[in-house]
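Visitor: Please take me on a close look at a single part of this protein. Start with the pairing of the strands there, and then show me how that part sits in the rest.

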Amino acid sequence: MGKKLLIKKERKVDAEGRKIVISRFEKHLINDDKDFNTQFGVIKKNNLKKSSVKVGKEEFFVLEPSFIDYYKQIKRLAQIITLKDIGAIIANTGINKDSIVLDAGTGSGGLACFLAMIVKKVISYDINDKHLEIAKKNIKTLNIKNIELKKRDIFNNKNIKEKNINIFILDVTEPWKAVNTAEKVLKLGGFLVSYSPNINQVERFVKALTDKFLYERTIEVIEREWAVKEKVLRPRMKDIGHTGFLTFARKIKN
Ligand SMILES: C[S@@+](CC[C@H](N)C(=O)[O-])C[C@H]1O[C@@H](n2cnc3c(N)ncnc32)[C@H](O)[C@@H]1O
């Protein structure tokens, strides 16, 4: 069994000089070994081998799914980091196929799964069994092999044996408590990145950085999507607002 991505464009008709939406945009990630029911009729599994299928007046395009199509479907128990913030972490640290990442907490495994597609290995810690269980399922669904999940308290560095880590990413409410762990695990020149929704968390984290770290910068990534449709050309009303601040520091001393 495999998966297919079914996409249907919005369909409009002209009515007295105005365009009226007859049916909306749809996107479905579906199993290719079963018929698929739509509100317009059934798409037979044999038709999923074609590049497009007509159902009544509607046309569905049949595509091979990409990683991002699967990623958007992962189960979420804890809040996952947004794509815009993941993008900024990658761009500001330059992590790549040779990097080893330490990630805490795992949460639903959103960040760990995305980074695993880019880096050599992700080691991800959480203290919560339920979160680790969801993350494990998500990793399996995405068929990712280079993530190691560990149940550990990131604030207690006695239990943490990793060394020579290229980037250590914190998404926990009290990141300042993990600075000692960061000193121990990071290689010289490695990045410590903290993601926090509140600026008072950022302040406390930056104050906690020891002389082994160079504080680089704190950023907030603001993404504004625009509606681009005929006469409607403006920022979309339903924008993602504030998500969090990203703070970057580098280890400069052993
Ligand atoms: C917001 S979630 C992380 C989401 C994750 N970055 C993602 O993109 O899916 C925060 C997680 O940190 C975990 N956590 C909190 N304190 C921790 C600690 N001291 N050590 C390890 N994990 C911790 C929580 O159990 C929770 O699962």
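Guide: Let's begin at strand 12, which is joined to strand 13 by five bridges, the two strands running parallel. Please keep in mind throughout that this is a predicted model. Strand 12 covers residues 165-170, and four bridges join it to strand 9 (residues 100-104), again with the two strands running parallel. A good residue to put your finger on is Ile169. Its bridge partner in strand 13 is Val193, and Asp103 stands opposite Ile169 as well. You can therefore read Asp103, Ile169 and Val193 as a path across three strands, since strands of a sheet pair through backbone hydrogen bonds, either parallel or antiparallel.

Now zoom out to the sheet that holds these strands. It is an open sheet of seven strands in the order 11-10-9-12-13-17-14, and its pairing is mixed. Strand 11 (147-151) and strand 14 (213-220) are the edge strands, each pairing on one side only. From one strand to the next, the twist averages 15°.

Strand 13 (186-196) deserves a second look, as eight of its 11 residues are buried and the strand is mostly covered. Helix 6 (residues 199-208) lies across strand 13, strand 14 and strand 17 (245-251), and runs at about 10° to strand 17.

Back to strand 12, and on to what follows. In the loop between strand 12 and helix 5 (179-185) you will find Ala178. Is Ala178 buried or exposed? Ala178 counts as buried because 26 C-beta neighbours lie inside 10 Å, and the cut-off for buried is 20 or more. Leaving aside neighbours within four places in sequence, the residues in contact with Ala178 are Ala104, Ile154, Phe155, Leu170 and Val172. Two of these names tie back to our strands: Ala104 falls in strand 9 and Leu170 in strand 12.

Ile154, another of those contacts, brings us to the ligand. There are 22 residues around the ligand, and the ones that come nearest are Gly105, Gly107, Gly110, Leu111 and Ile154. Helix 3 (110-116) and strand 10 (121-126) are the elements that give two or more residues to this shell. Sorted by class, the shell has 10 nonpolar, nine polar and three charged residues.

Finally, let's place all this in the protein. The domain assignment gives domain 1 (3-65) and domain 2 (75-251), and the C-alpha centres of the two lie 37 Å apart. Ala178 and Val21 illustrate the reach of the model: they are 157 residues apart in sequence and 53 Å apart in space, C-alpha to C-alpha.

Another open sheet, of four strands, has the order 4-1-8-7 with antiparallel pairing. Its edge strands are strand 4 (26-31) and strand 7 (52-55), each pairing on one side only. Within that sheet, strand 1 (residues 3-8) and strand 8 (residues 58-63) run antiparallel and are joined by four bridges; there, Ile7 stands opposite Phe61.

Counting everything, the protein has six helices and 17 strands, and its C-alpha trace spans about 70 × 45 × 30 Å along the principal axes. Of its 254 residues, 31% are buried, and Ala178 is one of the buried residues.

Note on methods
Residues numbered from 1 in each chain as written. Predicted model: local features only at pLDDT ≥ 70, side-chain atom pairs only at ≥ 80, totals over all residues. Pairing = 2+ DSSP bridges. Axes fitted to C-alpha atoms, helices over the stretch in contact; angles between N-to-C directions. Contact = placed C-beta atoms within 7 Å. Near = placed C-beta within 6 Å. Nonpolar A, V, L, I, M, F, W, Y, C, P; charged D, E, K, R; others polar. Domains from an automatic or database assignment. Buried ≥ 20, exposed ≤ 12 C-beta atoms within 10 Å, placed from the backbone.
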